[in-house]
Amino acid sequence: MKKRYFSWFISPIIIALMTITAFIFLPNLPDQIAIQWNENGATSFAEKYIVFVFPLLGAVIAVLQFLQYCKSEKRNKYGFLNSIINIILFVLQLIICLSYLGYINMEQVDFKAASLLIMVIFGILLIYFGNKLPKYAKNFYIGVKAPWAYEDNDIWTKTQSFAGKIWFFGGGFIILLGVLGYFLNIQVSAVLLLFCLLFITFVPRIYSKYLYEHKTNGE
């Protein structure tokens, strides 16, 4: 029982840390701060108050996850997912803040190595949630939210089961792409990554539509 609820204590702590971090760094930040970089330097800028978006987004996601938690019989997974999301948000917030204080020099970052790390982490998460996806009950927050899947519990279950397999192999492909991308042209890697993301996004929805039409015509 304690293990089930422990993960829900992590997210409020991280959200509080993000809020404190935003207030601490805000006075020392310029009006415009970089939020995206490549090997040539900063490419995108935003108002410094964007540092408050991270705890706000974390709080919104936590509320949505908690609402689904209250409706689900398998509740422990929602707390874990929420913790992972908030940890990622906190890391992104710290990178943006620390880069302007000189603790992180983004111009000296090996972007190929960083891309490899990000794609490996993303691939691992896809594999993990691909395994978990078939276990999610019908909801509006997690899973392949195709409109046809909401029409029938059986279609929802089959859609998530199929999508879970697609996500699992898609995650493996992204990890492989990350490794190969360290040696390949970055444009080629970007095109293959885009193709993979489109595939894992739309193929499960097409499959869900097929199930719905097949069942409708069969009836």
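I started in helix H6, where lysine 209 and glutamate 213 both sit, four residues apart, or about one turn of the helix. They form a salt bridge, with 3.4 Å between the closest N and O atoms. Note to self: this is a predicted model.

I checked the cover on both partners. Lysine 209 is partly exposed, since its relative accessibility is 29%. Glutamate 213 is also partly exposed, with a relative accessible area of 38%.

**Other salt bridges**

How many salt bridges does a search of the whole structure find? I got three. The general idea is that side chains of opposite charge can pair when their charged atoms come close.

One of them joins lysine 158 to aspartate 154, with the closest N and O atoms 3.4 Å apart. Both of these residues belong to helix H5 and are four residues apart, about one turn of the helix. I read lysine 158 as partly exposed, at a relative accessible area of 39%. Aspartate 154 counts as partly exposed too, at 35% relative accessibility.

I then looked up lysine 215, which forms a salt bridge with aspartate 152; here the closest N and O atoms are 2.8 Å apart. Lysine 215 is in helix H6 and aspartate 152 is in the loop between H4 and H5, so this pair ties together parts that are 63 residues apart in sequence. Lysine 215 is partly exposed, with a relative accessible area of 29%.

**Overall layout**

Stepping back, I counted six helices and two strands in the secondary structure. Reading from the N terminus, I wrote the order down as α-β-β-α-α-α-α-α. Of the 219 residues, 35% count as buried. For contacts between residues at least 6 apart in sequence, I noted that 70% join residues at least 24 apart. The accessible surface comes to about 13200 Å², and 69% of that belongs to carbon and sulfur atoms.

**Cores**

Which residues have the most contacts inside the largest nonpolar core? They are Leu133, Trp167 and Ile200, in a core of 17 residues. Helix H4 (111-132), helix H5 (153-181) and helix H6 (186-218) each supply at least two residues of this core. H5 gives the most, with six residues.

I went on to tryptophan 167 itself. Leaving out residues up to four places away in sequence, tryptophan 167 touches Leu126, Ile127, Phe129, Gly130, Leu133 and Ile200. There is also a second, separate core of 15 residues, which includes Ile14, Ile15, Leu26 and Leu89.

**Threonine 159**

Is threonine 159, a residue of helix H5, buried or exposed? I have it as buried, because its relative accessibility is 0% and the cut-off for buried is under 20%. Its side chain makes a polar contact with the side chain of serine 208, at 3.2 Å. Not counting neighbours within four places in sequence, I listed Val144, Ala149, Pro204, Tyr207, Ser208 and Leu211 as the contacts of threonine 159.

**Surface patch**

Last entry: the outside. Leu56, Val60, Val63, Leu64 and Leu67 form a nonpolar patch on the surface, and together they have about 420 Å² of accessible area. I picked leucine 64 for a closer look; this residue lies in helix H2 (residues 53-71). Leucine 64 counts as partly exposed because its relative accessibility is 33%, and partly exposed runs between 20% and 50%.

Notes
Residues numbered from 1 in each chain as written. Predicted model: local features only at pLDDT ≥ 70, side-chain atom pairs only at ≥ 80, totals over all residues. Heavy atoms only, no water. Core = buried A, V, L, I, M, F, W, Y, C linked by side-chain atoms within 4.5 Å. Buried < 20%, exposed > 50% of the residue type's maximum accessible area, 1.4 Å probe, protein only. Contact = heavy atoms within 4.5 Å. Patch = residues over 30% accessible without salt bridge, like charges linked within 9 Å, V, L, I, M, F, W, Y side chains within 5 Å. Areas by Shrake-Rupley, 256 points an atom, 1.4 Å probe, with all protein chains shown as cover. Salt bridge = Lys/Arg side-chain N within 4 Å of Asp/Glu carboxyl O. Polar contact = N/O pair within 3.5 Å; in protein donor to acceptor, adjacent residues only side chain to side chain.
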